[in-house]
Amino acid sequence: MFRWTDRPPLRLPPSGVIRGCWQLSEGHSDGWSRERAFAALDAAAAAESPLVLDCADIYTGVERIIGDWLAGRPDIADDVAVHTKFVPDLDALSTIDREYVRRVVLRSRDRLGVDALELVQFAWWDLSQPKWVRAAEWLAELQQEGIIRHLGVTNFDRAALGTLLDAGIPVVSSQVQLSLLDRRPLKGLTEFCRERGVTVLAYGALAGGLLSNAGGTPLESRSLTKYRLIVEEVGGREVLGRARRALAELAARHGATMADAAVAYVLNQQGVGAAIVGMSRRGLMVNGSRVRLSSSDVARLEATVPGTVRGEVFEVERDRQGPHGRIMRYNLNLPH
Ligand SMILES: NC(=O)c1ccc[n+]([C@@H]2O[C@H](COP(=O)([O-])OP(=O)(O)OC[C@H]3O[C@@H](n4cnc5c(N)ncnc54)[C@H](OP(=O)(O)O)[C@@H]3O)[C@@H](O)[C@H]2O)c1
């Protein structure tokens, strides 16, 4: 059993917006050169302190890009917190051992060029493969060694998160998809997180750009492939249109953008510590604090999307033969 230790709290951005760096990966979308990525990271760092970035061991090339960018900017390194993930390959789940976990985590530390990883968010593709609590314990050992500061999870439902907490794993954050379109975490996970002191970090607030009117039609990306399926789940283009109109109307009342309103909706939920918004090729930014929502604003927004995505957090995605599961790549971690 691991003991909760006194650690500084997880650093979160004052704006409530963590910059998502999946977008910088060659596997996500075209249009990001290394120079463009560095310029976007410089602009983000100039905008707030601490700058908080989200990436993953499986976002091809991204930990290295961030590490190289940080190495050239020692003066701001203390003002940047990088959250990464530990996403073992599907093919490795039955045989995973302490050495696998250590190797991947040390590789992240090496790529990022930091003394300790600020936050490692644990993912597990198939919960019927039973070694996930063991793998989390091996991560906790690396935390005890000082290689990891904080442990989080991503795409765990309430029951699985509860299992880890009850096993004594000191999970401080839970990264899940949450937006006006996808309200699965509101079926009990956010409340549970608040009760257990776990900070919710929400991705997908803009649905890859579908909940934004800045910059015209969204540019093609893997995010859009993912979120178009979410739109189908909740009723298709008509529902999306109604949600967009309601967000635009709310934004107009606050002199803000539709994207600001979409992020404000997410930040307004109990237990949510930050929204993770992907870096934009067009240099677009969001500011959720421009929009203050009343309870009637929330009700009006939610009435435009009466249905919600089926099941618990990440449940439809866990069906590897279904439409959501078929678009995922499951073995991006080793060997690299
Ligand atoms: N844990 C997981 O399973 C998981 C899954 C997905 C994502 N994530 C994390 O969440 C992050 C966000 O990714 P996402 O897929 O959810 O995408 P998203 O944040 O919903 O969409 C971001 C995209 O929306 C567009 N956009 C339109 N208006 C914008 C505005 N005003 N400000 C900023 N962007 C605007 C930009 O694309 P343009 O380039 O077209 O401008 C931007 O790249 C990822 O980078 C990753 O860190 C985690």
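**Entry 1. Gly67**

I began with Gly67, which is buried at a relative accessible area of 7%. I placed this residue in helix H2. I noted at the outset that I was working from a predicted model. I then looked up the spacing between Gly67 and Ser108: the two are 41 residues apart in sequence, and their C-alpha atoms are 9.5 Å apart in space.

**Entry 2. Ala56**

I next looked up Ala56, in the loop between E2 and helix H2 (62-71). Is Ala56 buried or exposed? I recorded a relative accessibility of 1% for Ala56, and the cut-off for buried is under 20%, so Ala56 counts as buried. From Ala56 to His150 I noted 94 residues in sequence and 15 Å in space, C-alpha to C-alpha.

**Entry 3. Strand E5 and its partners**

His150 led me to strand E5, which spans residues 148-154. I found E5 mostly covered, with six of its seven residues buried.

Which strands pair with E5? I found strand E4 (residues 117-122) joined to E5 by five bridges, the two running parallel. Within this pairing, I noted Leu117 and Ile148 of E5 as bridge partners. I also traced E4, helix H4 (residues 132-144) and E5 as a β-α-β unit, and its hand is right.

Strand E6 (residues 171-177) is also parallel to E5, and four bridges join them. Here I noted that Leu151 has Val171 of E6 as its bridge partner. I followed the chain from E5 through helix H5 (residues 158-166) to E6 and recorded this β-α-β crossover as right-handed.

**Entry 4. Backbone exceptions**

I then turned to backbone geometry. Most residues other than glycine have a negative phi, and most peptide bonds are trans. I looked up three places that depart from this pattern.

At Ser49 and Pro50 I found a cis peptide bond, with omega about -5°. I located Pro50 in the loop between helix H1 (34-47) and strand E2 (51-54).

Asn155 is not a glycine, yet I recorded a positive phi of about 60° for it. This residue sits in the loop between E5 and H5. I also noted Asn155 as buried, at a relative accessible area of 12%.

For Phe314, likewise not a glycine, I recorded a positive phi near 65°. I placed Phe314 in the loop that lies between helix H10 (295-303) and helix H11 (315-318). I noted a relative accessible area of 6%, and Phe314 is therefore buried under the 20% cut-off.

**Entry 5. The ligand and its surroundings**

Asn155 also brought me to the ligand: one of its polar side-chain atoms lies 2.9 Å from a ligand oxygen atom. I looked up two further polar approaches. For Ser212, I noted 2.7 Å between a polar side-chain atom and a nitrogen atom of the ligand. For Ser223, I noted 2.6 Å between a side-chain N or O atom and an oxygen atom of the ligand.

How much of the accessible area of the ligand does the protein cover? I recorded 95% of the 910 Å² that the ligand has on its own. Helix H7 (222-233) and strand E8 (272-278) are the elements that I listed as giving two or more residues to the shell around the ligand.

How many residues surround the ligand, and which are the closest? I recorded 32 residues, the closest being Gln23, Asp54, Gly208, Ser223 and Tyr227. Sorting this shell by class, I entered 15 nonpolar, twelve polar and five charged residues.

**Entry 6. Asn333**

Last, I looked up Asn333, which falls in the segment after helix H12 (323-326). I noted its relative accessible area as 0%, so Asn333 is buried.

Which side chains make polar contacts with that of Asn333? I found one contact with Asp57, at 2.7 Å between the side chains. I found another with Arg107, at 2.4 Å between the side chains.

Technical notes: Residues numbered from 1 in each chain as written. Predicted model: local features only at pLDDT ≥ 70, side-chain atom pairs only at ≥ 80, totals over all residues. Heavy atoms only, no water. Buried < 20%, exposed > 50% of the residue type's maximum accessible area, 1.4 Å probe, protein only. Pairing = 2+ DSSP bridges. Right-handed = clockwise from strand over helix to strand, strands pointing away. Near = heavy atom within 4 Å. Polar contact = N/O pair within 3.5 Å; in protein donor to acceptor, adjacent residues only side chain to side chain. Areas by Shrake-Rupley, 256 points an atom, 1.4 Å probe, with all protein chains shown as cover. Nonpolar A, V, L, I, M, F, W, Y, C, P; charged D, E, K, R; others polar.
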